[in-house]
Amino acid sequence: MPTPPAPTPPANGAAGAGTPGLGVLGLRRGVTFGTAVQGGWLDTEPAYAAMVAAEAALLVPEWEGKWSALQPQEGRFDFAPLDRILRFGLRHRRQVRGHALVWHQAMPDWLLTALAEGPQRARAVLEAHIATVLDRTRRQVRDWDVVNEVVADVAGSDTPQAGPGELRDSPWLRALGPGYIDLALRLARERDATLRLVLNDYGTESDEPWSLEKRRRLMRLVRGLLERGVPLDAVGIQGHLQMSERFSPEGFRAHVEELRSLGLAVLITELDVREAPRIAPDIAQRDAAVAERVQSFVAAGLAGGVRTVLTWGLSDRESWLLRDPDVARRDGAQHRGLPFDEERRRRPMWQALADAFATLPER
Ligand code: G3I
């Protein structure tokens, strides 16, 4: 099973001169730590770029690797936004992972039209996209989220896309049937024999009934893929944690171990934290609660065999949790779910990640 090249340890951490960043601390324990980035900010915001360079050994494009960015019109590919991140990765000798070839969001209108024209047309546009994108990024990107968020949500969870079956009801499913997942993975493998092929999803992190059911659905999907000989190297567990949800480290570790027992790598790919509707009045108490959940979650994942951990951004200033109205707080407060605050100061979650890495032996 292919693994991406080892990253170059980042420089001193953003936390302060002489303080190793999370990327360095992780590498000392065999963990690759990284984060989602936006190329525009890397190019135009020196403080943002310095924080990323100081903390992340691995980068993932927040939106620049999606269909709407890469192929906004049929046959017209635009790699310029993604190239900003690839150039930064080359300059700082950091790995870049790919996200996401097939997803039910970030789909341009022309693609939705094409998918509705029937399975032959759908397969043709899928094949052309995968071939072009993998060929163009192959030298630098050795790990792609080939399919993203394909398991249907379960009634009761806070995401409305609970589907009729166990797979998300999406334009892909409607165009190609359940085999679209097999097809995407097979096309990626045919195009690149050593690329690490990842199936990435969310909602299996907690002990809530809907999360436990989604774990079962994910396992059934993954076992079926492997039984059919579909190429799959890893599962990404996004890790958008919700403090309102019950969490048991033992249960999550067992979930990771079950995936690992199938010969798959397991990554935490999009870690951040949404606080519960009712929060403590005291910032220090809020940050401590978030840090405790993060340390418990990441340590359990590492104990289960996770060795790649990415946050979905590094500081509140860039977080979708503050930008996206679907997840932003409605009480006037702001989520505090990343390792750095809006001023890019380290917060207890930073230390929680460092402490979780330190549960593994030094290499
Ligand atoms: O498209 C414009 C682009 O033309 C412009 O140059 C750029 C300038 O900043 O902005 C782009 O706009 C938005 C982009 O975020 C950057 O802010 C897109 O319209 C908007 O759709 C995009 O939202 C992203 C979203 O996925 C959809 O791609 C969020 O940043 C990103 O945090 C979110 O991430 C998803 C993961 O991919 C999958 N898991 C859930 C996670 C959160 O929803």
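Partly exposed, the label used at several stops below, covers relative accessible areas between the buried class, under 20%, and the exposed class, over 50%. Keep that in mind as you tour this model, which is predicted.

**Stop 1: a pair in helix α11**

Select R253 and E257. R253 has a relative accessible area of 37%, so it counts as partly exposed. E257, at 34%, is partly exposed as well. Show the side chains and you will find a salt bridge between them, with the closest N and O atoms 2.8 Å apart. Both residues sit in α11, which spans residues 249-260, and because they are four residues apart there, about one helical turn separates them.

**Stop 2: where α11 meets α12**

Keep R253 and E257 on screen and add helix α12. Two packed helices are described by the angle between their axes and the distance between the axes. For α11 and α12, the angle is about 35° and the axes lie 8 Å apart. The crossing of α11 past α12 is right-handed. To see the contact itself, select P249, F252, R253, V256, E257 and R260 on the α11 side, then S296, F297, A300, G301, A303 and G304 on the α12 side. Colour them by class and you will get six nonpolar, three polar and three charged residues.

**Stop 3: into α12 from a loop**

Now select E275 and R286. Their side chains form a salt bridge, N to O, at 2.5 Å. E275 belongs to the loop between β8 (265-274) and α12 (283-304), while R286 is in α12 itself; the two are eleven residues apart, and the pair links distant parts of the chain. Are these two residues buried or exposed? Both E275 and R286 are buried.

**Stop 4: a strand and a helix**

Move on to K214 and D201, whose side chains also meet in a salt bridge, with an N to O distance of 3.5 Å. D201 is in strand β5 (residues 196-201) and K214 in helix α10 (residues 209-227), so this salt bridge ties together parts 13 residues apart in sequence. With a relative accessibility of 3%, K214 counts as buried. D201 also counts as buried, at 4%.

**Stop 5: a salt-bridge network**

The whole structure holds 37 salt bridges, and some are joined to each other. Which residues form one network through shared partners? Select D135, R138, R142, R191 and D192 to see it. Start from D135, which is in helix α7 (residues 119-137). D135 is partly exposed, at 34% relative accessible area. Then draw a distance from its C-alpha atom to that of D192: the separation is 8.2 Å, although the two residues are 57 apart along the chain.

**Stop 6: the nonpolar cores**

Finish inside. The largest nonpolar core has 94 residues, and those touching the most other members are I181, L271, V298, V309 and F357. Which helix should you highlight here? Helix α12 gives the most to this core, with eight residues.

Centre the view on I181. Leaving aside residues up to four places away in sequence, I181 touches V147, V150, L167, L199, L221 and L225. For a last selection, look for the second core, which is separate and has eight residues, among them A36, L58, V60 and W312.

Conventions: Residues numbered from 1 in each chain as written. Predicted model: local features only at pLDDT ≥ 70, side-chain atom pairs only at ≥ 80, totals over all residues. Heavy atoms only, no water. Salt bridge = Lys/Arg side-chain N within 4 Å of Asp/Glu carboxyl O. Buried < 20%, exposed > 50% of the residue type's maximum accessible area, 1.4 Å probe, protein only. Axes fitted to C-alpha atoms, helices over the stretch in contact; angles between N-to-C directions. Left-handed = near helix turned anticlockwise from the far one by under 90°. Contact = heavy atoms within 4.5 Å. Nonpolar A, V, L, I, M, F, W, Y, C, P; charged D, E, K, R; others polar. Core = buried A, V, L, I, M, F, W, Y, C linked by side-chain atoms within 4.5 Å.
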